[in-house]
Amino acid sequence: MSKKKLYYLLISFSLIVIFLGCLAGPTKIPIITSLKTIFGIGNSLEHTIIWEIRMPRTLAAYLVGLSLGASGAALQGLLRNPLAEPGVLGVSACASLGATIVIYYGIAQSFTYSVPLAAVSGALIGTTFLAIIAEKANSVTTLILIGVGISSLAGAGMALLTSIAPNPFYLSDMVTWMLGSVANTSTFDIALCIPFLCVGFLLLRKQINGLSVLTLGEETAGTLGLNLARNRMLVVLSTGILTGAAVSLAGVIGFVGIVAPHLIRPLVEHDPGKAIVPSALLAAIILVVADIAVRLFPTNSEIKLGVVAALIGAPIFIMIVYRRNNFYEQN
Amino acid sequence: MFPLLCNNITRVSYALIFLGITCGSLKAKTVPSAEHVPQRVISIDYCADQYLLTLGTSSQILGGSPRSVASFSFMREKAKNFNKVRPTPEELLALKPDLIIRSFGGGISINKFLSDHKIPIIQIGFLDSLEDINQTIANVSKALGNDELGIALVEDLNRRLLAVPNIKTKSPALYMAAGGVTTGKGTLVHDIMSKGNLRNIVDTPGWSDIPLEQLVSLRPEIIVHSYLDELTKNSGKWSAVHHPVTKRFLESNTAIAIPPALVSCGAWYSLDAVEMISHVQREYKIH
């Protein structure tokens, strides 16, 4: 499939799912009325439901998907490992821990941007640590296990915070941080993360060619003029910012950063640079669809978005690991 | 008698999600033998604390849970006079209690542990109505050897409940807790709202997320909530009470604020919440 066709297809699907995201919800609104409301003709009740409740959460899911898809594809290119993904490697959990610290100690009350800033800082610490370890880790398994360790450590940190918190509310809050959700997201929450997302995407965009060249091997990439250290540093920085912003908006949502690049890679000749944008778009589409499913499940309390993402992503993760294992055994 | 309420409320209010979900109500199973009057009684969570502090005599109370003095504990003032005991097997054994009252404290394995060590337990389960509370009062007071106190309390509660006017046309209402949850059929809060002459618009049984879309489409006339001033600063990030739609709704509707201690754990004071809801409606001529 040509790059142009792939982009057209993904952008078209993006528009369709965003549109569906505005239509889907527990309140039954006739399609015609929904359409009128989207185009500004509906009454105030429908306007509130569609523009203030459904649209923000749809956009939040889309932006989170974009960030995690791009981060996953970039990390996989950088670490040359198809299992690398912010959720699996513990980067998202580090971001959650950062955000939790500023919220539970009241810093978020006095400085609104402290939540995304802390989440980004947490994600950067996690990503940097992984990038350093990845150079020394002698197998994929080691890297993944270190990621699991980081994730557990960050989870323990959050559990510790909630245990010593002065009231029991934080327990349920922690669950949402760990499972992820875009329910109750407002346009203000999105606006808070937009600057971070912009910076992250801009930084990552400049590293796309570098990631493509990196597939030739570090030595060859170096002889072709790629500044390896700078490339590595900027990819780590951009994925940290993107993951942190996504986590501050929706909590930890795992696996989507694996699934989308995995599906996209064959369509872009396994070029990690070329995979970033389509992976981001596909991950965004997947998350919006997952969020629509979450809204329509007939449960008392809404299922967390991260749960659905894991239900889709975890089997694919297992399949990739299984296939890699078979590949190494056969060779 | 009751401080409360706010019409066109301007602040976002908060209630006890965990408290409501975990221990909103109680039903008691009595284990200790009837002939023995316990003299060293410990309650190991703040739901159990309310019963021990109300139905036990000072000489019987060996200790209460650390949260017996928390702001959401109704009997917090009285609790200050007693030891605080963490619900760990070691600490409980060391105090040699002759009766333990618990709702959820100590985790699921504590009952077996206490049974293995021949320590009697009154297990208080989940309650979903004022009738269940009456039954629990009777059971706990009997186990403590203070039957008469329990009977008198139940009689008083029944008398007060009969005095609450029963209005046929009930106003549509929604309960909001700080953690972003609400409650439907089969919960104590639902029963309180119903007996206070409100019609809960949430028809989903049990506890569920505050339905933002239902809030907009069903337009409840009254919002019942229990807020905690000290929590407003650091309340959960994910709660629907932070959403602009909810904030706007709270500003433009009648809201009845119930002190969180009244609904955090179902007990004799839960009737106060019924009286408050009824009182506010009468005062503002909602009916």
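In this predicted model, the domain assignment divides chain B into domain 1, made of residues 17-21 and 168-283, and domain 2, made of residues 25-160. The two domains of chain B touch: 20 residues of domain 1 are in contact with 20 residues of domain 2. On the domain 1 side, three helices of chain B each supply at least two of the touching residues, namely α8 (188-195), α11 (260-264) and α12 (270-283). The helix that gives the most to this side is α11(B), with 4 residues. Sorted by class, the side of domain 1 of chain B that touches domain 2 has 11 nonpolar, 5 polar and 4 charged residues.

Chain B as a whole has 12 helices and 11 strands. Of its 287 residues, 55% count as buried. Among contacts in chain B between residues at least 6 apart in sequence, 71% join residues at least 24 apart.

Two helices of chain B can be described by their burial. Helix α2 of chain B (residues 46-55) has 10 of its 10 residues buried, so the rest of the structure largely encloses it. The buried residues of α2(B) include B:Y46, B:D49, B:Q50 and B:T54. Helix α8(B), one of the three that supply at least two residues to the domain 1 side, is mostly covered, with 7 of its 8 residues buried. Among the buried residues of α8(B) are B:H190, B:D191 and B:K195. After α8(B) comes B:N197, which has a positive phi near 70°.

Chain A offers a helix pair to examine. Helix α4 (residues 91-104) and helix α6 (residues 114-136) of chain A have axes that come within 7 Å and cross at roughly 145°. The crossing of α4(A) past α6(A) is right-handed. On the α4(A) side the contact includes A:V91, A:C94, A:G98 and A:I101, and on the α6(A) side it includes A:S114, A:A118, A:G122 and A:I125. This contact of α4(A) with α6(A) has 14 nonpolar, 6 polar and no charged residues.

The two contacts described so far can be set out by residue class.

| Contact | Nonpolar | Polar | Charged |
|---|---|---|---|
| Domain 1 side of chain B that touches domain 2 | 11 residues | 5 residues | 4 residues |
| α4(A) with α6(A) | 14 residues | 6 residues | no residues |

The largest nonpolar core has 99 residues, and those with the most contacts inside it are A:V64, A:A245, A:V256, A:A283 and A:L287. Helix α14 of chain A (residues 272-296) provides the largest share of this core, 15 residues. Leaving aside residues up to four places away in sequence, A:V64 touches A:V182, A:A246, A:L249, A:A250, A:I253 and A:L287. Another core lies apart from this one and has 84 residues, among them B:I44, B:Y51, B:F104 and B:I121. B:Y51 is also one of the buried residues of α2(B).

A last residue of chain A is A:A221, found in helix α11 of chain A (residues 218-223). Is A:A221 buried or partly exposed? A:A221 has 19 other C-beta atoms within 10 Å; a residue counts as buried at 20 or more, so A:A221 is partly exposed. Not counting residues up to four places away in sequence, A:A221 touches A:V213, A:L214, A:L216, A:L226 and A:L228. From A:A221 to A:L179 the separation is 42 residues in sequence and 39 Å in space, C-alpha to C-alpha.

How values were computed: Residues numbered from 1 in each chain as written. Chains lettered and ligands numbered in written order. Predicted model: local features only at pLDDT ≥ 70, side-chain atom pairs only at ≥ 80, totals over all residues. Axes fitted to C-alpha atoms, helices over the stretch in contact; angles between N-to-C directions. Left-handed = near helix turned anticlockwise from the far one by under 90°. Contact = placed C-beta atoms within 7 Å. Nonpolar A, V, L, I, M, F, W, Y, C, P; charged D, E, K, R; others polar. Domains from an automatic or database assignment. Buried ≥ 20, exposed ≤ 12 C-beta atoms within 10 Å, placed from the backbone. Core = buried A, V, L, I, M, F, W, Y, C linked by C-beta atoms within 7 Å.
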